[in-house]
Amino acid sequence: MGKKIQYAVVARGAAVLAEHGAGGTTTNAGAVARQILERLHAAGGGAAADCRVSYTQGLYVFHVMRADGLTALCMTDDDATAASGRRIPFVFLEDIHGKFVKTYGRAALTALAYAMNDEFSRVLSKQMDYYSNDPNADCITRMKGEMDQVRSIMIDNIDKVLERGDRLEMLVDKTTTMQGNTMRFKRQARRFRNTVWWRNVKLTAAVILILLAIIYIVLAYMCHGFTLPSCVR
């Protein structure tokens, strides 16, 4: 597979809880690993945040994953600057971190140094061999990456749907407001038309009355009296 995991360790702060080295690499790799653990522990004041980092040491690369108060570290034997080179080591670290937490739970947070070494070093050995030599490990890693990508896309799509839903709700609210404004406008327009109609009726009636009055006055003048005596016989 091109990338051999030669050393692995699980630690709490600078205290090693379990480690395993392939082919007698424990001594040298362990010394470098302890320096890295102490540096990380000191940098965080004993309570550093979760992180994922890689350090180069000669021809080797040390990969570190820290989460939930525990640090998983492994050493590989080739350059890990490319994303593809870091993929398998960090999946391996996730795997052993998960197995360690599942096996020991909160006991790992108070355990003494090397308290889990006898038992968990065998797990480290088995998983190191699997991720170093089994072709399926890389296939599974690729599939996991693709699944994570699909999940990310799904989450992004869901966010867009929810955002679109918010916009639809806003549009519905605006439509409801417009409908309410339209109804109010119609009522106001109807009242205005009624007012204008009644005003026209009153004006027409007033004009008719005035015309009738003028006609009556003219007739009274011509007929020599308001009772129209000369015109009505």
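The following paragraphs describe the overall make-up of a predicted model, then one hairpin and one helix.

In this predicted model, the secondary structure of the protein chain comprises four helices and five strands, and these elements follow one another from the N terminus in the order β-β-α-β-β-β-α-α-α. Of the 233 residues in the protein chain, 28% are buried, while the accessible surface amounts to about 15500 Å², with 61% of that area belonging to carbon and sulfur atoms. When contacts between residues at least 6 apart in sequence are considered, 59% are found to join residues at least 24 apart.

Strand β3, which spans residues 51–57, and strand β4, which spans residues 60–67, run antiparallel and are joined by seven bridges. The two strands form a hairpin with two residues between them, and in the turn G58 adopts a positive phi of about 65°. Within this pairing, Q57 is placed opposite Y60 in β4.

Helix α3 is formed by the 17 residues 117–133 and extends 23 Å from its first C-alpha to its last, a span close to the 24 Å expected at 1.5 Å a residue. Its buried residues are N117, F120, S121, L124, Q127, M128, Y131 and S132. Because these buried positions cover an arc of only 130° around the axis, they lie on the same side of α3. On the other side of the helix, by contrast, D118, R122 and K126 are exposed, that is, each has over 50% relative accessible area, whereas a buried residue has under 20%.

How values were computed: Residues numbered from 1 in each chain as written. Predicted model: local features only at pLDDT ≥ 70, side-chain atom pairs only at ≥ 80, totals over all residues. Heavy atoms only, no water. Expected span 1.5 Å × (residues − 1). Buried < 20%, exposed > 50% of the residue type's maximum accessible area, 1.4 Å probe, protein only. Arc of directions from axis to C-beta. Pairing = 2+ DSSP bridges. Contact = heavy atoms within 4.5 Å. Areas by Shrake-Rupley, 256 points an atom, 1.4 Å probe, with all protein chains shown as cover.
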